[in-house]
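Work through the exercises below with the coordinates loaded. Each task is followed by a solution in steps.

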Amino acid sequence: MELDERQVRVSQMDDEQLQAELDQHGVVLTPYEVRRIVELIGRDPTLCELHIFNVEWSEHCSYKSSKSTLQEFLPTDAPNVIQGPEEDAGIVFFAEHEGRRYGIVIAHESHNHPSQVLPNEGAATGIGGIVRDVDCMGADIIATADPLRFGDPIGENAERTKWIVRGVVDGIWQYGNALGVPNLGGDVYFAEEFDDNCLVNVIALGIVAEEDIIHSAAPPEAAEEPYDMILVGKPTDDSGFGGSAFASKILDEQEEQEDRGAVQVPDPFLKNVLAMKKANAQVKQRAKELGIKVGFKDLGGGGLACATSEITASGGLGVEIDLDSVNVGLPNLLPETICCAETQERYVWAVPADFTEEVLSIYNEDWDLPNIYEGARAQVIGRFTTDGIYRLIRDGKIVCEAPAEAITSGISYEREEQPAKYEGSEPEFDMPADMNGAFLKVIGHRNACSRAYIYRCYDSEVQGNAIIRPGEAGAGVCAPLSGCPKGVALSADGNPFYGLIDPYWGGATAVAEAMRNVAAVGAKPAALTDCLNFGNPEKPQAFWEFREGVRGLSDAAKNIHLKDYPYSPTPIISGNVSFYNESATGRAVAPSPIIACVGVLEDYSKAVTMQLKGADNKLLLVGPRKDELGGSLYYQALELGLGSNVPQIDWAQEQGMIWGVVDAIEAGHVAACQDISDGGLGVALAEMALGGLGKGELGVSVSAPGDALADLRADKWLFSESTGFVMEVLAGHEEQVREIFAGYGLELIELGEITQEPRFEITVADESVVDLPLDEVRDAWAGSLAEVLK
């Protein structure tokens, strides 16, 4: 069989000519990389091959700038890890129930570039992709979450920012609600550093019995007996063509219209039929009944080329695919478009040839895919081989013939790094004379106020498993196994303002806060994921920020141990790197490592929210207040700049606080709990008084003795973002709680009482600092975001 005549004559070109040729075809590989491809395949590549390597060797797919750093720093193994970050989702042990071992599956990705260009479609397909990653592990999908970063909604690009916010939120709820997956949480920040590049990170959770786990690799049996490759889902079109390469480039407003073609088009209703315990589940179940080993992978970034080459290479095999067998939705598609378009709602299976007809029947007849979406179906497109070659045929000609391992192993760079010196300093200012006014500015700030304007769009009740919903605490909680008392907690955190000052502590505090939020509902942190959002890795200072962020989050994970395995780091079992979050003007996002933490509750009925419960109970503080207001809400609200003293983690203290809170909640001593982070103690107390829905009616009367200030001025004591917790401890249980924390070498400070009168009163060293009716605090907090985004 002859080779496609559309070869790119690399060997006959100098670098300048080759670059012009690459630009003409929209290929972002460098001349050096293309010449490396020639070495690997032993000849000049076809145009189709060039496009396949373009997506597979993109930063998005290959991690060519980041993988050595990730391997150097990240702890990925622990006694509770079932599946680490080698696949599209990680798995951590959850429970033994009715004789079966269950794991929680978690995946974490970004869809930043598409969401900046087409917010609705970009965010929706982000949810769709992350759900597929979990589905492909054999799991039932139980929850999603969405950490978001947007530009300044009152800045110079306010109207564009608000358009992006509305589109992203609409995309998330329109897809997630139609799919039938509850949204359990997330977080939102607004800052001018995200004007040109929003961040849309997405997280999905699933649950799977250990014996039902499926891997995204052709199984070993495919080397011993005939195995088919089956493509399932929507007909392939040209949507998302070049999407992975697009996600690995700098955004330019001048190219925005052109870039929109690289954004995928979602269809949650077809996905519902495929993924939500329906067609895909029937195939999985039937394979299990027959004792058949299969491989299963979704088509996301890089489309057909990525999924088919990776499922092949991961199994140590080759494959021959007939592109004429791929069901298409448009006529006359070029082979590279069929291969690299990122048409949504598609999967690929590796199954024994004698199981193929049953698989096709399940999709095409039992679930009637062709009549659910025009052109959708399951179809055999290839056969696995043992020669290790990835071979694609179109119109009787070979359009790709290369070692599968060469395509998927990518290329690696050791980037130059150069420390970036932060020039900011702590502001010099007097304590405001009107602290009531200052407090209302803080609690009403767009980075502190209620997020209900966003999360009320999301369905958190679908599936009927929600225990704690968005807004009710810093982590969501669900009960995914019927008849099992265990619960799953999920949080997502990462303060971008800390990263601007010190990327190391930006990474470390993100891990600590995510773990505190899980602990604050009563769950033991079990595993982490990371989505690492940074600028251009080819710039030495940006790459240094990345490495510092990874080093910080890694140190936190290594030093805040698993409670059930006290000498084991908290493992990072999945994640994503998103580089080139930078505009053509050279403006990059704030260094933003966003961390998700999954936790386990032994008994979900003991989970607590942040809202205060009883007027006779006491408020106790753990975690000393320090002069750590760099990047704080207080400085933002008073327009004092960033400052410089970011919170720094004392590892032993942090671990003791987290373990102590978990112990106290599990023992039934705590009625409500909130971690201290953005806005410090003042905001934590206000959120506890108001509750997630803003309906709290109990007041707070805090009276801190002078020696609690540790030489801090009263306003800095109140708004310091040093880590810690506030607990509402049941009346008569204070001594038991003190004993628990004493066991970890920690002292508690009694802050004051909960009152029937709905007032918010803070007295420090016998001087009134804040004294407001709770309704006034509520008014400032509850409606601010809607007012800003209208």
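**Exercise 1. Find the strands that helix H21 lies across, and place them in their sheet.**

Step 1. Helix H21 lies across E18, E19 and E21, and runs at about 25° to E21. Contact means heavy atoms within 4.5 Å. Axes are lines fitted to C-alpha atoms, for helices over the stretch in contact, and angles run from 0 to 180 degrees between N-to-C directions. Helices (H or I, at least four residues) and strands (E, at least two) are DSSP runs, numbered from the N terminus.

Step 2. The model is predicted: local features need pLDDT of at least 70, side-chain atom pairs count only at pLDDT 80 or more, and totals for chains, interfaces and linings use all residues. Residues are numbered from 1 along each chain as its sequence is written, and side-chain values use heavy atoms, with hydrogens and water left out.

Step 3. Read off the sheet: six strands in the order E16-E17-E18-E21-E19-E20 form an open sheet with mixed pairing. Two strands pair if DSSP finds at least two bridges between them. Strand E16 (466-468) and strand E20 (572-578) are at the edges with a single partner strand each, so one side of each has no neighbour in the sheet. On average, neighbouring strands of this sheet are turned by 20° against each other, direction ignored.

Step 4. Take one pair from the sheet. Strand E19 (residues 524-533) is antiparallel to E21, with nine bridges. Lys524 stands opposite Val600 in E21.

**Exercise 2. Describe the second largest cavity and its lining.**

Step 1. On a 1 Å grid over the protein atoms alone, a cavity is a set of points where a 1.4 Å probe fits but cannot get out; a pocket is an open set with protein on both sides within 12 Å along at least five of seven lines; lining residues have an atom within 4 Å of a point. Grid points are joined across faces, edges and corners, and a volume is the space filled by probe spheres set on the points.

Step 2. The whole structure holds seven cavities of 30 Å³ or more. The second largest has a volume of about 70 Å³.

Step 3. Its lining residues include Lys524 and Val600, along with Gly522 and Leu601. Strand E21 (592-601) and helix H24 (651-666) each supply at least two lining residues, and H24 gives the most, with three.

Step 4. Sort the lining by class: five nonpolar, one polar and five charged residues. Here Ala, Val, Leu, Ile, Met, Phe, Trp, Tyr, Cys and Pro count as nonpolar, Asp, Glu, Lys and Arg as charged, and the others, Gly among them, as polar.

**Exercise 3. Do likewise for the largest cavity.**

Step 1. The largest cavity holds about 770 Å³ of space.

Step 2. Its lining has 43 residues, and Gly186, Asp187, Arg451, Ala473 and Glu687 lie nearest the centre.

Step 3. Among the elements that each supply at least two residues of this lining are strand E18 (487-493), helix H21 (503-519) and helix H25 (680-690).

Step 4. The classes are 20 nonpolar, 14 polar and nine charged residues.

**Exercise 4. Characterise the second largest pocket.**

Step 1. The second largest pocket has a volume of about 830 Å³. It is lined by 34 residues, with Gly138, Val208, Asp212, Ile213 and Ile214 closest to its centre.

Step 2. Strand E3 (100-110), strand E4 (140-145), strand E8 (199-209) and helix H12 (279-290) give two or more residues each. H12 provides the largest share, five residues.

Step 3. By class, the lining has 19 nonpolar, six polar and nine charged residues.

**Exercise 5. Why does strand E22 count as largely enclosed?**

Step 1. Buried means under 20% relative accessible area, exposed over 50%, partly exposed in between (1.4 Å probe, protein chains only).

Step 2. In E22 (residues 618-622), five of the five residues are buried, so the strand is largely enclosed by the rest of the structure. Lys618, Leu620 and Val622 are buried on one side, and Leu619 and Leu621 on the other.

Step 3. E22 and strand E25 (residues 724-729) run antiparallel, joined by five bridges, and Leu619 has Glu728 as its bridge partner in E25. E22 also pairs with strand E26 (residues 749-755) in the antiparallel sense, over four bridges; there, Leu620 is partnered by Glu750.
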